[in-house]
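User: I'd like to go through the labels used for this structure and hear the reasoning behind each one. Please set each value against its definition as we go.

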Amino acid sequence: MCLLRQTGEKNGLLGKGVLIMKRDDCIFCRLANGDVPARSVYEDEEFNVIMDANPASKGHVLILPKDHYADIHEIPGETVEKVMGLAKTMADRLARNLGADGINIVQNNGKAAGQTVFHFHLHIIPRYEGGPAMVTWEPQELPAEEMDAIQEQILG
């Protein structure tokens, strides 16, 4: 569903309308736009940062665009740049205000990568000394020839 969102008032004049995409069947669209209550820690015209309902650690938040994008492949590059700027702001705030010893910034794309809600979102997860291991993988060693072949595939 397409909606027209007003950008706000300035000197009593209503701002320009901005075309946005919002899906009524998307829980993150509804959370980001205030249609469903959430514990918001930051909000502006484009984003809502909310506390994760099932946090991985104390202070785990989600950056949600108010517009609907399923994943990294749909979201415009300019919006990703804003998301990353906001991620830095939130990471600094979590470290300072909660005493986090580290921060994981996680963004899953596709079912195979663990994405469970198909609305682009970025996890900011504070980490604390002695806490559980998160975001781990088994490092692999590949032969140089295989690395070269993969490099060529990536370069296209």
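User: How do the residues of the lining of the largest pocket divide into nonpolar, polar and charged?

Analyst: There are 11 nonpolar, 10 polar and three charged residues in that lining. The classes are fixed by residue type: Ala, Val, Leu, Ile, Met, Phe, Trp, Tyr, Cys and Pro are nonpolar, Asp, Glu, Lys and Arg are charged, and the others, Gly among them, are polar. Please keep in mind that this is a predicted model, where local features need pLDDT of at least 70 and side-chain atom pairs pLDDT 80 or more, while totals for chains, interfaces and linings use all residues. Residues are numbered from 1 along each chain as its sequence is written, and side-chain values use heavy atoms, without hydrogens and water.

User: What makes a space a pocket, and how much space lies in the largest one?

Analyst: On a 1 Å grid over the protein atoms alone, a pocket is an open set of points with protein on both sides within 12 Å along at least five of seven lines, whereas a cavity is a set where a 1.4 Å probe fits but cannot get out. Points are joined across faces, edges and corners, and the volume is the space filled by probe spheres set on them. By that reckoning the largest pocket holds about 380 Å³. It is lined by 24 residues, and M51, D52, A53, N54 and L62 are the closest to its centre. To count as lining, a residue needs an atom within 4 Å of a point.

User: Which elements each supply at least two residues of that lining?

Analyst: They are α1 (27-32) and β6 (47-51), and α1 gives the largest share, three residues. Helices here are DSSP runs of H or I with at least four residues, and strands are runs of E with at least two, numbered from the N terminus. Counted that way, the protein chain has three helices and nine strands, in the order β-β-β-β-α-β-β-β-α-β-β-α.

User: Why is I50 called buried?

Analyst: Its relative accessible area is 3%, so I50 is buried. The cut-offs, with a 1.4 Å probe and protein chains only, are under 20% for buried, over 50% for exposed, and partly exposed in between. I50 sits in strand β6, and its C-alpha atom is 5.5 Å from that of V61, 11 residues away along the chain. Beyond its neighbours within four places in sequence, I50 has contacts (heavy atoms within 4.5 Å) with L31, A38, R39, S40, H60, V61, L62 and L64.

User: What makes I125 buried?

Analyst: I125 has 7% relative accessibility, and therefore it counts as buried. This residue belongs to strand β9 (residues 122-127). Its C-alpha atom is 4.5 Å from that of H60, although 65 residues separate the two in sequence. Across the protein chain, 31% of the 156 residues count as buried.

User: How do you know that the side chains of H68 and H119 are joined by a polar contact?

Analyst: A polar contact is a pair of N or O atoms within 3.5 Å; within protein, one must be able to donate a hydrogen and the other to accept it, and residues adjacent in sequence count only through two side-chain atoms. The H68 and H119 side chains meet at 3.2 Å. H68 lies in the loop between β7 (61-65) and α2 (77-98), and its relative accessible area of 12% makes it buried.

User: Which backbone atoms does the side chain of Q115 reach?

Analyst: It reaches the backbone oxygen of A70 at 2.8 Å, and one of its polar atoms lies 2.7 Å from the backbone nitrogen of G110. Q115 is in the loop between β8 (102-106) and β9 and is buried at 4%.

User: Why is V135 called partly exposed?

Analyst: At 45% relative accessible area, V135 is neither buried nor exposed, so it is partly exposed. Found in the loop between β9 and α3, V135 also has a positive phi of about 50 degrees without being a glycine.

User: What makes the span of helix α3 agree with expectation?

Analyst: The expected span is 1.5 Å times one less than the number of residues. For the 12 residues of α3 (residues 144-155) that gives 16 Å, and the end C-alpha atoms are 16 Å apart, so the two agree. The number of buried residues in α3 is zero, which means that the helix lies largely in the open. G156 follows α3, with a positive phi near 75 degrees.
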